Amino acid sequence: MSVLNSNIPKGPLAEKWQNHKNSIRLVNPANKRNLDVIVVGTGLAGASAAASLGEMGYNVKAFCFQDSPRRAHSIAAQGGINAAKNYRNDGDSVYRLFYDTIKGGDYRSREANVHRLAEVSVNIIDQCVAQGVPFAREYGGLLDNRSFGGVQVSRTFYAKGQTGQQLLLGAYSALSRQVAAGQVKLYSRHEMMNLVMVDGKARGIIARNLVTGEIERHSAHAVLLCTGGYGNVFYLSTNAMGSNVTATWKAHKKGAFFGNPCFTQIHPTCIPVSGDYQSKLTLMSESLRNDGRIWVPKAKDDKRKPVDIPEEERDYYLERRYPAFGNLVPRDVASRAAKERCDAGYGVGQSKMAVYLDYASAIERYGKAEANKQRLPNADKATILKLGKQVVAAKYGNLFEMYEKITGDNPYETPMRIYPAVHYTMGGLWVDYNLMSNLDGLFVLGEANFSDHGANRLGASALMQGLADGYFVVPYTLGNYLADDIRTGPISTEAPEFEQAEKEVTDTMDRLMSIKGDKTVDYFHKALGKIMWDKCGMARNEQGLKEAISEIKALREAFWKEVRVPGDKNEFNPELEKACRVADFLELGELMCYDALNRNESCGGHFREEYQTEEGEALRDDENYTYVAAWEYKESGEPVLHKETLEFENVKPTTRSYK
Amino acid sequence: MSQNTMNLKLKIWRQKGASTPGKMVDYTLNGVNPEMSFLEMMDVLNQQLIEAGEEPVAFDHDCREGICGMCSMFINGRAHGPMTGTTTCQLHMRHFKDGDTITIEPWRSAAFPVIKDLSVDRSSFDRIIQAGGYVSVNTGAAPDANAIPIPKEDADSAFDAATCIGCGACVATCKNASAMLFVSAKVSQLALLPQGAPERQERALRMVEQMDKEGFGNCTNTGACEVECPKGISIENIARMNREFLRASLVKKKKKAGMAAS
Amino acid sequence: MAQNASYGLLKSSIGKKVFMALTGLFLCLFLVGHLAGNLQLFIPGEAGQIQFNKYAEFMTTNPAVKILSYVTYFSILFHVFDGLALTLKNRKARPQRYHYKKDSANSIWSSRNMGVLGTVILVFIVLHMSNFWFKMHFGDIGVDAEGRKDLYTVVAASFEQLWYVAIYAISMVAIGFHLWHGFASGFQSLGVNHSAYNPIIQGFGKVFSVVVPLGFAIIPIYMYLT
């Protein structure tokens with residue numbers, strides 16, 4: 001029916017991946033030596049893919065814009081990684097992880113992909129432990145777990161509040177091993193500036209050496225984009241400052257479809273904005289909702305200090321509205337609930353755009369348990385609090401410290417102030433079951449693709465997906481694709497397509513350098529972010545989206561007339577890097593608005609104000625919108641929509657309820 | 001938000017490129033909000049420089065939440081500035097006073113050549129990890145994660161060492177520009193875990209050899225690195241690496257082709 | 001192979017530090033022995049003179065002591081040259097120095113000035129040896145009532161001069177600071193670091209670095225005063 005073929009294998013859901021692995025084509029070791037693969041990005045997806053492919057014998061070139069692959073933003077993931085190990089004996093299973101993820105995604109993801117993700121989740125934990133990732137353990141020496149939002153089992157493996165760091169350093173070490181072995185050639189401080197298509201196949205990239213400014217051509221038999229999400233289109237987000245959409249956007253402009261671009265995850269627990277100089281937002285891990293309670297005062301404009309507000313004058317609104325899941329409702333639900341309270345005038349803090357995340361009762365609860373453990377039945381209140389603080393410090397110490405560093409408040413004594421912030425983008429380049437985009441030879445992994453999280457990602461699932469794609473999916477599916485290329489031989493970078501792609505890059509940079517306007521890149525980025533946050537953020541409506549589209553168009557025009565990029569293109573020039581990235585964000589933002597406007601329903605992180613229940617919950621329209629919106633780029637005029645209908649053969653979409 | 005803003009004098013190292021000499025340049029920055037992070041203060045300075053037609057100050061930064069290890073400024077004579085346990089990006093202006101003069105320099109080490117202004121090249125750290133900072137396990141070859149129980153204390157100690165963010169503050173602050181804390185953190189992490197045990201000797205030898213080759217200085221055990229490490233990594237790890245290296249040097253059989261490469 | 005490995009050990013930064021620690025800690029032992037001998041100078045009158053000269057003769061003729069003395073010479077020389085090699089490499093590791101570096105915030109003065117302190121000590125050792133050791137071995141000094149070389153009188157004469165006493169006292173301060181950091185540092189270099197034993201090592205090191213140099217310094221002062 002459309003140009004999109006998801007290539008989902010036939011057969012029962014639970015057997016699809018195994019059957020597929022049994023039947024796909026392989027490349028023998030001797031031939032792997034003759035095949036080149038480019039991996040862009042060295043986060044969890046990129047590093048794990050590059051390492052695994054290197055181990056298998058492919059010649060891999062890995063690119064990252066940071067000064068070391070170890071700095072990719074996966075490193076900042078705090079809370080944990082899900083896996084259906086059922087080490088807790090609490091009823092977890094591959095099916096349940098699959099089901100939770102599908103439901104958490106509000107029935108806008110592909111069943112087969114999600115089931116595969118749940119299947120390989122268990123291998124990921126094994127792999128990471130074998131690499132020396134120091135997960136949290138219990139006294140018996142076995143792995144510990146905690147629970148995360150949107151689920152009722154404890155399946156999250158963690159390493160204090162630094163799980164992403166530990167997993168990334170594990171993948172980085174595997175990558176480093178392959179660099180030492182000569183299987184992977186590393187290009188740090190290199191940014192992908194364009195994709196090169198030769199005869200309808202992705203055959204290389206144009207990269208800029210960020211230190212010298214040199215433009216380089218790199219060819220390969222396949223290109224893997226593992227470049228993360230595009231949350232920085234909002235300017236303020238929990239993403240790293242350098243996180244950008246350029247790689248995937250350039251691929252999009254070369255024909256790759258962009259799937260569900262408007263699906264953005266707004267994380268409920270971030271440190272609120274404190275001023276207009278603010279450059280980024282900091283997440284406080286979702287794991288804090290395990291023990292913390294979220295509340296606002298029952299009275300509007302309550303000026304008392306939070307500790308002075310008595311229990312009965314507090315509104316624990318998540319516990320009130322969602323008794324079954326309480327503070328552990330999924331992120332989209334928790335974020336909207338916070339926005340609802342603040343919009344209604346109950347917000348706290350100077351800006352009134354914050355709610356409290358309170359650890360007082362957890363400290364007391366843990367303190368009592370610890371007093372019992374230490375056989376202190378008559379412990380006084382001070383002792384209990386002291387013990388409780390120690391327990392909380394052991395679990396969340398680094399997060400509490402971080403909060404104190406940023407805000408100057410001590411969260412052991414006073415509730416933290418938090419507010420939702422842009423965190424993750426479920427949308428991304430459209431890929432089939434094999435993680436290949438609609439462009440032959442262009443694979444997209446991790447957050448950069450659209451595939452597994454539907455309209456809302458559950459906590460601790462991003463790390464799972466990144467590593468699943470890199471360690472356990474693409475090593476198989478890439479071989480299937482490359483089996484056709486064993487006789488191709490090296491790809492020449494002298495082809496006219498390379499020349500053309502390079503010229504596009506230099507032209508863009510020359511144009512940017514030549515404007516010499518009077519406004520900085522950040523000025524435009526901030527302006528774009530404001531439009532996106534106000535009109536394509538936590539709540540969207542038709543009118544706002546239409547306004548946003550024309551505002552972004554105008555802003556883009558102004559950018560190309562008034563921006564000032566200092567320095568030279570043939571040198572280390574961070575402002576030029578930013579300008580190139582913002583130029584792409586200015587195009588992406590518009591597409592996101594088109595997508596949000598097209599989707600006349602509310603689902604997951606996409607909340608259209610026109611489509612909600614009387615209680616203010618998201619109202620899906622399964623009849624008309626059970627599809628992936630895959631957008632095709634058009635040089636002029638509006639983007640073209642292609643639909644991939646989502647078939648639910650195993651799970652029946654129902655109204656998501658966490659009550 | 002009309003808190004008391006601050007006026008600051010900044011002395012910043014400016015260097016066009018690796019091969020050109022640099023110098024300290026004075027700037028004045030007014031109206032700094034104490035709630036800003038240090039890097040946001042630098043952003044404001046750069047915006048003003050760009051608007052004035054001058055070259056902004058190049059500096060490395062990315063996550064701005066204290067974990068990627070990219071930010072690297074030597075502020076008022078100390079790596080990552082005056083607060084302990086804090087990266088530059090997590091340092092906030094509330095720790096400075098109105099009228100303060102702040103000197104800002106890049107990490108200085110032969111093994112960290114300056115790229116531009118405050119940006120340095122830390123790829124020597126990558127090469128040290130490549131020399132052996134890993135467990136040789138291929139994807140798919142892992143046993144069940146709970147197959148080998150690891151005492152909690154060992155796992156916790158390994159974690160403490162593994163929290164290293166590779167920022168290079170240890171090198172920057174060491175009077176000898178030694179990388180011992182960085183290298184020992186990785187050696188320790190893997191030596192403490194059963195998964196790292198089979199290669200521990202070879203790993204210690206190779207990583208130390210690479211460290212020496214990169215041109216880092218020697219350890220004088222001043223303990224400065226431990227104080228300035230934003231993750232509070234202990235020099236106990238350095239002692240552990242000394243043990244590992246010593247044992248490996250004395251008992252290790254002649255190297256074969258090296259650590260299993262693939 | 002073993003010799004291969006130890007050759008590599010000496011070339012490596014950690015190996016150099018290990019040898020620094022081994023020689024340094026050996027020299028600490030030497031200090032204890034030397035101090036024990038020197039304490040005989042407190043014995044008053046002729047009995048002290050006889051006793052001390054007896055001791056000096058024993059120290060220069062006993063074969064076991066001879067071997068130990070060669071180990072000591074070697075340790076001193078090795079400690080010096082190894083320290084020099086380390087310092088040179090350290091200098092090369094930071095060719096462009098900081099404009100402002102606030103070292104006091106993170107380390108103690110003595111730990112950052114081991115080279116300077118060591119140089120002062122080396123100069124002292126040369127002076128000390130030329131004055132006593134050289135005279136005892138090769139010099140033309142008188143004999144005491146029992147016919148032994150009368151080192152005691154040489155020592156007593158030296159310490160009648162105030163400037164000489166002052167040099168000794170100051171040098172002992174340098175040794176004290178050198179040990180203040182060096183003693184515990186040696187253990188760290190050898191990999192001995194354990195939360196249960198660190199306080200003992202560090203505490204002992206500090207006591208050692210005060211008591212031993214003080215003991216050495218008091219003798220010339222005492223002799224000057226009496």
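Which residues have the most contacts inside the largest nonpolar core? In this predicted model, they are A:Leu224, A:Leu225, A:Val355 and A:Leu442. The core has 303 residues. Its largest share comes from helix 17 of chain A, residues 574-598, which supplies 14 residues. Another core lies apart from it and has 25 residues. Among them are C:Phe52, C:Ala174, C:Phe183 and C:Val212. In soluble globular proteins, nonpolar side chains tend to be buried together.

The surroundings of A:Leu224 were examined beyond four places in sequence. A:Leu224 touches A:Val37, A:Ile38, A:Val39 and A:Val40. Its other partners are A:Ala49, A:Phe443, A:Leu445 and A:Val474.

Chain A comprises 18 helices and 19 strands. Its C-alpha atoms fill a box of roughly 80 × 55 × 50 Å along the principal axes. The radius of gyration of chain A is 24 Å, which agrees with a compact globule because 659 residues would give a value near 26 Å. Of the 659 residues in chain A, 61% are buried. Contacts in chain A between residues at least 6 apart in sequence were also assessed. Of these, 73% join residues at least 24 apart.

Chain B is assigned two domains: domain 1 spans 6-116 and domain 2 spans 123-251. The C-alpha centres of domain 1 and domain 2 of chain B lie 29 Å apart. Contacts between them involve 19 residues of domain 1 of chain B and 17 residues of domain 2 of chain B. On the side of domain 1 of chain B that touches domain 2, 8 residues are nonpolar, 9 polar and 2 charged.

Technical notes:
Residues are numbered from 1 along each chain as its sequence is written. Chains are lettered from A and ligands numbered from 1 in the order in which they are written. This is a predicted model: local features need pLDDT of at least 70, side-chain atom pairs count only at pLDDT 80 or more; totals for chains, interfaces and linings use all residues. Domain bounds come from an automatic or database domain assignment. Two residues are in contact if their C-beta atoms, placed from the backbone, lie within 7 Å. Ala, Val, Leu, Ile, Met, Phe, Trp, Tyr, Cys and Pro count as nonpolar, Asp, Glu, Lys and Arg as charged, and the others, Gly among them, as polar. Helices (H or I, at least four residues) and strands (E, at least two) are DSSP runs, numbered from the N terminus. The radius of gyration is taken over C-alpha atoms; the globule rule is 2.2 Å times the number of residues to the power 0.38. A residue is buried if 20 or more other C-beta atoms lie within 10 Å of its own, exposed if 12 or fewer, and partly exposed in between; C-beta atoms are placed from the backbone. A nonpolar core is a set of buried Ala, Val, Leu, Ile, Met, Phe, Trp, Tyr and Cys residues joined through C-beta atoms within 7 Å.
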